[in-house]
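Colleague: Could you walk me through this one? I'd like to ask how you know what you say about it.

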Amino acid sequence: MQNDVKLPLDQRRNYKNFFDGMKRITAEEGALTLFNGVSMTIMRSVLMTVAQAAVYYQAKETLIRTGYFKDNLITHFSSSFISGTVATAVTQPFDVLKTRLQNAETGEYKGFIPAWTRIGPHTILLFVFIEQIQKLNYRIYTKH
């Protein structure tokens, strides 16, 4: 549905809204069309979560053990940066397969750098916020 505007005018479906699109896709192309690419989407999501979490905590632990880093915002940012980069590398092939299975145009997201610009900042913000919330939680609930 979101790629409709990329089609030539004579090929556009011109859905009125989400519900019109769902109704027409189901009627004209069959309900299973709604699930094109779902297996790759699930696989990509699993790999994204594993790569982000496992790499973040491993990178954080490794950086702290070097003695150059402490458990602070700089370490959280650095670990998140590493995690986002690895997650991008791991999920890139599945992004390509998912897009092809969904018959969507790849559009402006071609290559590692554009993919990282979407995944990297998300990963950095995710783990920096998690760490800060954990610290706040610790301060609130460990008062003596």
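Colleague: Leaving aside its neighbours within four places in sequence, which residues is S83 in contact with?

Modeller: Leaving those neighbours aside, S83 is in contact with A51, Q52, V55, Y56, T123 and F127. Contact here means heavy atoms within 4.5 Å. Before we go on, this is a predicted model, where local features need pLDDT of at least 70 and side-chain atom pairs count only at pLDDT 80 or more, while totals for chains, interfaces and linings use all residues. Residues are numbered from 1 along each chain as its sequence is written, and side-chain values use heavy atoms, with hydrogens and water left out.

Colleague: Where is S83 found, and why is S83 called buried?

Modeller: S83 is found in helix α3. Buried means under 20% relative accessible area, exposed over 50%, and partly exposed in between, with a 1.4 Å probe and protein chains only. S83 has a relative accessible area of 0%, so it counts as buried.

Colleague: What about Q52: buried or exposed?

Modeller: Q52 has 6% relative accessibility, so by that cut-off it is buried. Q52 lies in helix α2, and besides S83 its contacts beyond four places in sequence include A87, H122 and L126.

Colleague: How many helices and strands does the protein chain have?

Modeller: Four helices and zero strands, giving the pattern α-α-α-α along the sequence. Both kinds are DSSP runs numbered from the N terminus: helices are H or I with at least four residues, strands are E with at least two.

Colleague: How many aromatic pairs are there, and what makes Y56 and F127 a stacked one?

Modeller: The structure holds six aromatic pairs. The centres of the Y56 and F127 rings are 4.1 Å apart and their planes are at 5 degrees. Rings of Phe, Tyr and Trp (its six-membered ring) pair if their centres lie within 6.5 Å, and planes under 30 degrees apart count as stacked, over 60 as edge-to-face and the rest as tilted. Both values fit, so this pair is stacked.

Colleague: Which helices does that pair tie together?

Modeller: Y56 lies in helix α2 (residues 38–65) and F127 in helix α4 (residues 112–141), so the pair ties together parts that are 71 residues apart in sequence. Y56 is buried at 0% relative accessible area, and F127 is buried at 4%.

Colleague: Then why is the pair of F81 and W116 called tilted?

Modeller: Their planes are 55 degrees apart, which is neither under 30 nor over 60, so the pair is tilted. The centres are 5.1 Å apart. F81 lies in helix α3 (residues 73–101) and W116 in helix α4, so the pair ties together parts 35 residues apart in sequence. F81 is partly exposed at 39%, whereas W116 counts as buried at 18%.

Colleague: How do you know that K60 and E131 form a salt bridge?

Modeller: A salt bridge is a side-chain nitrogen of Lys or Arg within 4 Å of a carboxyl oxygen of Asp or Glu. K60 and E131 meet at 2.8 Å, N to O, so they qualify. K60 lies in helix α2 and E131 in helix α4, so this pair ties together parts 71 residues apart in sequence. Both K60 and E131 are buried.

Colleague: What makes K60 and D71 a salt bridge too?

Modeller: Their closest N and O atoms are 3.7 Å apart, which is within 4 Å, so that pair counts. D71 sits in the loop between α2 and α3, eleven residues from K60. By this rule the count comes to six salt bridges.
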